[in-house]
Amino acid sequence: MSTKALDIGCGPKPKNPFNAVEVYGIDVRTDVDAGIYKADLVVEPIPFPDESFNFVTAHDFLEHIPRLIYCPERRNAFVEVMNEVWRVLKPGGIFMSFTPAYPNPAAFRDPTHVNIITDETFPAYFDNVNRWATAYGFKGAFEIVSQEWRGPHLLSLLRKVDVPAPAAAA
């Protein structure tokens with residue numbers, strides 16, 4: 001079975017921790033020969049069709065996505081990125097986030113870190129149980145596969161699942 005991976009915010013070389021057969025990257029630069037496509041994910045969608053990838057990875061990237069922007073209307077940029085990740089993953093696909101996180105000082109040290117992630121961000125806001133980010137426009141759902149600390153970084157693995165049906169009114 002051929003597998004495809006997308007590394008968002010990939011820099012000069014897309015990472016491939018799942019050993020996918022095909023690997024693509026998204027960055028603010030273009031290098032199509034290296035499989036890197038240009039998109040500013042703060043304001044643009046991921047330039048691939050729905051359900052294109054088995055894996056999406058984000059290494060040292062999500063902390064650079066603002067939670068809220070005005071351009072010119074009010075937008076929840078981080079929630080939009082999470083919607084895009086869910087959209088391009090195949091059913092059952094895995095999203096891997098590797099980001100410096102609170103309470104480690106590395107989460108705050110870099111002045112370009114504008115989105116502080118905690119070990120409760122994904123389980124509370126983007127999971128398939130609480131889904132608190134739906135109040136801000138999140139349309140998907142992820143099963144939290146695992147979260148672990150690796151030094152200052154929080155490594156989170158999330159599996160794309162179907163959106164739960166709304167609870168029946170009593």
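## Tyr-136 and the nonpolar surface patch

At 45% relative accessibility, Tyr-136 counts as partly exposed. In this predicted model, Tyr-136 belongs to the loop that connects α3 (121-125) with β8.

Together with Tyr-125 and Trp-132, Tyr-136 makes a nonpolar surface patch of about 330 Å². Residues qualify for such a patch with over 30% relative accessible area and no salt bridge; the 45% of Tyr-136 therefore satisfies the area criterion.

## The hairpin of β8 and β9

Strand β8 (residues 142-150) runs antiparallel to strand β9 (residues 153-160), and 8 bridges join the two. Within this pairing, Glu-148 has Leu-155 in β9 as its bridge partner.

The hairpin has 2 residues between its strands. Gly-151 takes a positive phi there, near 65°. As a general point, side chains in a regular strand alternate between the two faces of the sheet.

## Positive phi outside glycine

Two residues that are not glycine also call for attention in the backbone torsions. Glu-51 has a phi near 55°, a positive value. This residue is located in the loop between β3 (36-38) and β4 (53-59). With a relative accessible area of 44%, Glu-51 is partly exposed, because that value falls between the limits of 20% for buried and 50% for exposed.

Asp-60 likewise has a positive phi, of about 50°, although it is not a glycine. The loop between β4 and β5 contains Asp-60. Its relative accessibility is 36%, so Asp-60 is also classed as partly exposed.

## Cis peptide bonds before proline

Where do the cis peptide bonds from Cys-71 to Pro-72 and from Tyr-102 to Pro-103 fall relative to the secondary structure? Pro-72 is placed in the loop between β5 (69-70) and β6 (74-75), whereas Pro-103 is placed in the loop between β7 (89-100) and α2 (106-109).

The omega values can be stated for each bond in turn. For the bond from Cys-71 to Pro-72, omega is near -15°. For the bond from Tyr-102 to Pro-103, omega is near 15°.

## Summary of the loop features

The loops of the predicted model hold several of the features described above. Among them are the cis bond leading into Pro-72, a residue of the loop between β5 and β6, and the positive phi of Glu-51, a residue of the loop between β3 and β4. Tyr-136, in the loop between α3 and β8, contributes to the nonpolar patch with Tyr-125 and Trp-132.

Methods
Residues are numbered from 1 along each chain as its sequence is written. This is a predicted model: local features need pLDDT of at least 70, side-chain atom pairs count only at pLDDT 80 or more; totals for chains, interfaces and linings use all residues. Side-chain values use heavy atoms; hydrogens and water are left out. Helices (H or I, at least four residues) and strands (E, at least two) are DSSP runs, numbered from the N terminus. Buried means under 20% relative accessible area, exposed over 50%, partly exposed in between (1.4 Å probe, protein chains only). Two strands pair if DSSP finds at least two bridges between them. Patches are made of residues with over 30% relative accessible area and no salt bridge: like charges are joined within 9 Å, nonpolar side chains (Val, Leu, Ile, Met, Phe, Trp, Tyr) within 5 Å. Accessible areas come from the Shrake-Rupley method with a 1.4 Å probe; for residues, only the protein chains shown count as cover. A salt bridge is a side-chain nitrogen of Lys or Arg within 4 Å of a carboxyl oxygen of Asp or Glu.
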